[in-house]
Protein chains: 2
Amino acid sequence: MEEFVSTFTNRLDSKGRVSIPASFRAVLARDGFEGLYCCPTLDQNAVDAGGNRLVTQIRSSLALFEPFSEDHEFLSTTLIGESEVLKVDPEGRVALSEAIKAHAGIRDTVTFVGQGYKFQIWEPDRFVAYRDEAKSRVRELRRRLGSGLRASGGTE
Amino acid sequence: MEEFVSTFTNRLDSKGRVSIPASFRAVLARDGFEGLYCCPTLDQNAVDAGGNRLVTQIRSSLALFEPFSEDHEFLSTTLIGESEVLKVDPEGRVALSEAIKAHAGIRDTVTFVGQGYKFQIWEPDRFVAYRDEAKSRVRELRRRLGSGLRASGGTE
DNA sequence: TGGGCAAATATGGGCGTCAATGGAATCGGC
DNA sequence: GCCGATTCCATTGACGCCCATATTTGCCCA
């Protein structure tokens, strides 16, 4: 598979390690990035994670702003300054940093959420709440935008 | 055959596996996608399933939104995060995940409903109810629109 | 037209492999 | 030599793969 798809929940062990879902590892291997690039999600208490495609995406987002502008500074401080590159052990596990665990409120379990070119890392309960919120927002979005957005396709 | 057509109902075995209807397998084989892409439908308790054509459809919906925008995040969380890629065994069966079974209310039988470039997976009773509802809506539509909808013939 | 043979499909279960997890061993630096 | 970090190994349980059976479908021939 080319993209991060689906949702998985795994447990942290006593050393704070957690397995990256096998299907996500396969995508990362294709991507070629060494390690796991992690960047706090801007609007939620979660973490964006991925490889080269995520890094590229972040760069191009930054490029939309004038260099040395205040906005650019703020963004790069957050997107780059708060980012980390986690090492992946031979079994495909990572050790989440204290900063990440604190930001996301993670204790002993984490949820991995595929989002195509990247995935997110959540504390499971918080994710469920966010998912429900997202779902209702999408329904609303569909009502507003109409036919352009048919999850179920729609050309019948 | 190029498209998913007709309706089939099969049973789940003790391992939770169910055969994909043979004619659907033929369409999937042509499509070339490895596995079965499944995405819960937003408005019904059912699942959209298919291959590359379905994936393309979903992706193009997402592409309408700016990456990192809030709407894009909501959409990818809902559409991609809730999707799964099921493996198809050598006999043409898939094991439905707990998440899918819960969403669709599936217990020991499932109904496959062809919808052209994709098909849907339903709990049989719920599908019958949905189909009847849809049918009466069509009748009503025909009354309102008059002769325009005759050609497709309607009595089965 | 009817019987029966043959192919394909749906279904059932056993077994090996891999992924997730836990813990021990080893390597590094201070 | 101690401590943290990384690698190695071992267990468990789920999942994929294989083979077996049955039920259906279509086909051929009498």
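Visitor: How many residues does the contact take from chain A and from chain B?

Guide: The contact takes 40 residues from chain A and 31 from chain B, where contact means heavy atoms within 4.5 Å. This is a predicted model, in which local features need pLDDT of at least 70 and side-chain atom pairs count only at pLDDT 80 or more, while totals for chains, interfaces and linings use all residues. Residues are numbered from 1 along each chain as its sequence is written, chains are lettered from A and ligands numbered from 1 in the order in which they are written, and side-chain values use heavy atoms, with hydrogens and water left out.

Visitor: What area do chain A and chain B bury between them?

Guide: They bury about 2,900 Å², 60% of it on carbon and sulfur atoms. Buried area is the accessible area (1.4 Å probe) that two parts lose on being put together, summed over both.

Visitor: And how many salt bridges is the count between the chains?

Guide: The count between chain A and chain B is seven salt bridges, each a side-chain nitrogen of Lys or Arg within 4 Å of a carboxyl oxygen of Asp or Glu. B:Glu82 forms a salt bridge with A:Arg131, and their closest N and O atoms are 3.3 Å apart.

Visitor: Which element gives the most to the side of chain A that touches chain B?

Guide: H5(A) gives the most, with 12 residues. Helices (H or I, at least four residues) and strands (E, at least two) are DSSP runs, numbered from the N terminus.

Visitor: Turning to the DNA, which residues come nearest to strand C?

Guide: Of the 25 residues around DNA strand C, the nearest are A:Arg11, A:Lys15, A:Arg25, B:Lys15 and B:Arg17. A residue counts as near if one of its heavy atoms lies within 4 Å of the strand. Sugar and phosphate make up 48% of the atoms of DNA strand C that come within 4 Å of the protein.

Visitor: What does a polar side-chain atom of A:Lys15 lie 2.4 Å from?

Guide: That atom of A:Lys15 lies 2.4 Å from a base nitrogen of DNA strand C. For A:Arg25, a polar side-chain atom is 2.8 Å from a phosphate oxygen of DNA strand C, and for B:Arg25 the distance to a phosphate oxygen of that strand is 3.1 Å.

Visitor: What about strand D; how many residues are around it?

Guide: There are 13 residues around DNA strand D. A polar side-chain atom of A:Arg17 lies 3.2 Å from a base oxygen of DNA strand D, and one of A:Glu91 lies 3.4 Å from a base nitrogen.

Key: A polar contact is a pair of N or O atoms within 3.5 Å; within protein, one must be able to donate a hydrogen and the other to accept it, and residues adjacent in sequence count only if both atoms are side-chain atoms.
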